[in-house]
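Biologist: Hi! Could you walk me through this structure in plain words?
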Amino acid sequence: MLIAVMSLESADLQLQVDRYLAQIKVAGAEQRTAKADLERFQGLQGKQFVSPTDLDRARNRYHASVGRFESVQAELVLARRQLAYATVSASFSGWV
């Protein structure tokens with residue numbers, strides 16, 4: 001069992017975590033929309049209702065949205081680590 005020995009002011013660090021959680025929701029929604037658009041364009045391109053250029057744009061939007069989602073996830077991991085560093089813990093009680 002870890003005991004919190006010392007804690008730094010972590011309000012700003014918590015705000016960063018909250019910001020990245022919100023950005024993940026946005027990036028996830030953008031990714032789902034881009035995927036649906038790409039799938040729709042792929043079906044329409046087979047019927048020649050969509051140009052190859054439009055299909056390429058939809059594919060690029062989807063890949064960009066995947067990259068953005070992954071980037072925000074990495075930022076969230078980093079922000080959570082920084083928040084965890086705000087608390088010094090030990091497996092025993094003591095004085096600082």
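Modeller: Happy to; we can start with a helix and then look at some side chains.
Modeller: This is a predicted model, where local features need pLDDT of at least 70, side-chain atom pairs count only at pLDDT 80 or more, and totals for chains, interfaces and linings use all residues. Residues are numbered from 1 along each chain as its sequence is written, and side-chain values use heavy atoms, with hydrogens and water left out.

Biologist: Cool. How many residues does helix 2 have?
Modeller: Helix 2 covers residues 52-84, which makes 33 residues. Helices here are DSSP runs (H or I, at least four residues), numbered from the N terminus.

Biologist: And what do the buried residues of helix 2 pack against?
Modeller: They pack against helix 1 (11-46). Among the buried ones are Leu55, Tyr62, Phe69 and Leu76. Buried means under 20% relative accessible area, exposed over 50%, and partly exposed in between (1.4 Å probe, protein chains only).

Biologist: Is glutamine 31 buried or exposed?
Modeller: Glutamine 31 counts as buried because its relative accessibility is 19%. This residue lies in helix 1.

Biologist: Which residues does glutamine 31 touch?
Modeller: Leaving out residues up to four places away in sequence, glutamine 31 touches Tyr62, Ser65, Val66 and Phe69. Contact means heavy atoms within 4.5 Å.

Biologist: New topic: what about arginine 68, where does it lie?
Modeller: Arginine 68 lies in helix 2. Its relative accessibility is 35%, so arginine 68 counts as partly exposed. Setting aside neighbours within four places in sequence, arginine 68 is in contact with Ala27 and Glu30.

Definitions and conventions: Helices (H or I, at least four residues) and strands (E, at least two) are DSSP runs, numbered from the N terminus. The expected span of a helix is 1.5 Å times one less than its number of residues.
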